[in-house]
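Trainee: I would like to learn how to read salt bridges in a model such as this one. Could you take me through them with the structure in view?

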Amino acid sequence: MLICSILPIENRRNRLSEGEVLDDRNVLKQRDPHRVFESVCHTTELLAEAIEVGAPEHDGRSIHTVVIVGRNHELLAADLLYAVIGAATPIVRHSSSELPSYADQNTLVIIAGRDDYRTLYQAARMRQCQIAVLAPLSSALLETVKADGVVYVVRQNQSPRRLEITWLLMALATLLVHFGCTDNKLVQDMRESSNWLKEHIDRWHWSVPVHENYAKQLSLLAVGKTPIFCSTSPTDALARLWKSAWNETAKNTAFNSSYSADGQWELAGWLSHPIEKPFGIFDFISDLDEESMTTSQAVNRVLSGKRPTSNLIHLEGSLHIRQLLFGIMLGEITAFYVAILNNVRPDEVDIHTKLQNAKEIN
């Protein structure tokens, strides 16, 4: 169900000029010269493509733990994968260049990061772990992996890099299926979701006016504020992804918070705050998770007068993986519109290099 209008009348009047900006093709072209938006829209095409696994032979041993090695986007994809699969396949996210001490012959180590993980790779070989590597063609590690006959997948190069998250999710799921850690239904569901997801993305396209465009409406609710994306356990990874999208694409500080049992204690932080704060609260709501709506309503009652009332982000889809894919793309596109409203380019910024250069000056 497409929500065609979520803004109260008074808010629509206040945001009229910003709404006109989002509907102005010339403004969008000026602020998106590298056509990031079109790259986002084409992301769904990757779901329809089969992931080719190189050197596919393996000994079929039992896998007790999966360690996914990487950094920001790789670990976001790992979190999303775990949200779908759950505890049936223990997945550990790992960013260090050192192999975890518990890794053994019943551990599947998937090296997905772009960094140089050759030391970790060699350590995994010495401990006889099951290994798979996701690496670009230009990677020196990939050449070593091919020579060793280890399972690999050639990594796609997307720009901006955060657009790799959907592909990474598909590639990681494919590898788990390949090693017998889960059945093929997940990969099949993702592939069959491609056209369904594209239909939703078409409704969020820049050519669709604000009053019919859910992503534009959400961006109008968020602009000028520091958003806090709140979730229950099934959507915790999605909340982290939206926070990341706001930081990287919209160049806008954002936070995420969980309504799960472990995260509820943090809500006490609102009890000393007046409502006049520059925060925008967004709750993820899923028909597949009854707790999401009841928890959102309960939190709003408890924090009434202390915290702004939350805006609801409705996730569509009859399957959990579809709701996550829906949420991924809605978040990326909404963050793009916030970037336009913030008068910044949605292009990738190599902040890591800037920080390294700043350190050298010191």
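Mentor: Side chains of opposite charge can pair when their charged atoms come close. In this predicted model, Asp 189 and Lys 185 make such a salt bridge, with 2.7 Å between the closest N and O atoms.

Trainee: Where do Asp 189 and Lys 185 lie with respect to one another along the helix?

Mentor: Both belong to helix α10 (residues 185–192), and because they are 4 residues apart there, about one helical turn separates them. Asp 189 is buried, with a relative accessible area of 13%, whereas Lys 185 is partly exposed at 48%.

Trainee: Which residue forms a salt bridge with Arg 162, and are Arg 162 and that partner buried or exposed?

Mentor: The partner is Glu 332, and the closest N and O atoms of the two are 2.8 Å apart. Arg 162 sits in the loop between β5 (151–154) and α9 (164–178), while Glu 332 sits in helix α15 (residues 320–341), so this pair ties together parts that are 170 residues apart in sequence. As for accessibility, both Arg 162 and Glu 332 are buried.

Trainee: How exposed are Asp 59 and Arg 61, whose side chains also meet in a salt bridge?

Mentor: Their salt bridge has an N to O distance of 2.9 Å; Asp 59 is exposed, with a relative accessible area of 53%, and Arg 61 is partly exposed at 25%.

Trainee: Which residues are linked in a network of salt bridges, and how many salt bridges are counted?

Mentor: Glu 74, Arg 155 and Glu 164 are linked in such a network, and the count comes to 11 salt bridges.

Methods
Residues are numbered from 1 along each chain as its sequence is written. This is a predicted model: local features need pLDDT of at least 70, side-chain atom pairs count only at pLDDT 80 or more; totals for chains, interfaces and linings use all residues. Side-chain values use heavy atoms; hydrogens and water are left out. A salt bridge is a side-chain nitrogen of Lys or Arg within 4 Å of a carboxyl oxygen of Asp or Glu. Buried means under 20% relative accessible area, exposed over 50%, partly exposed in between (1.4 Å probe, protein chains only). Helices (H or I, at least four residues) and strands (E, at least two) are DSSP runs, numbered from the N terminus.
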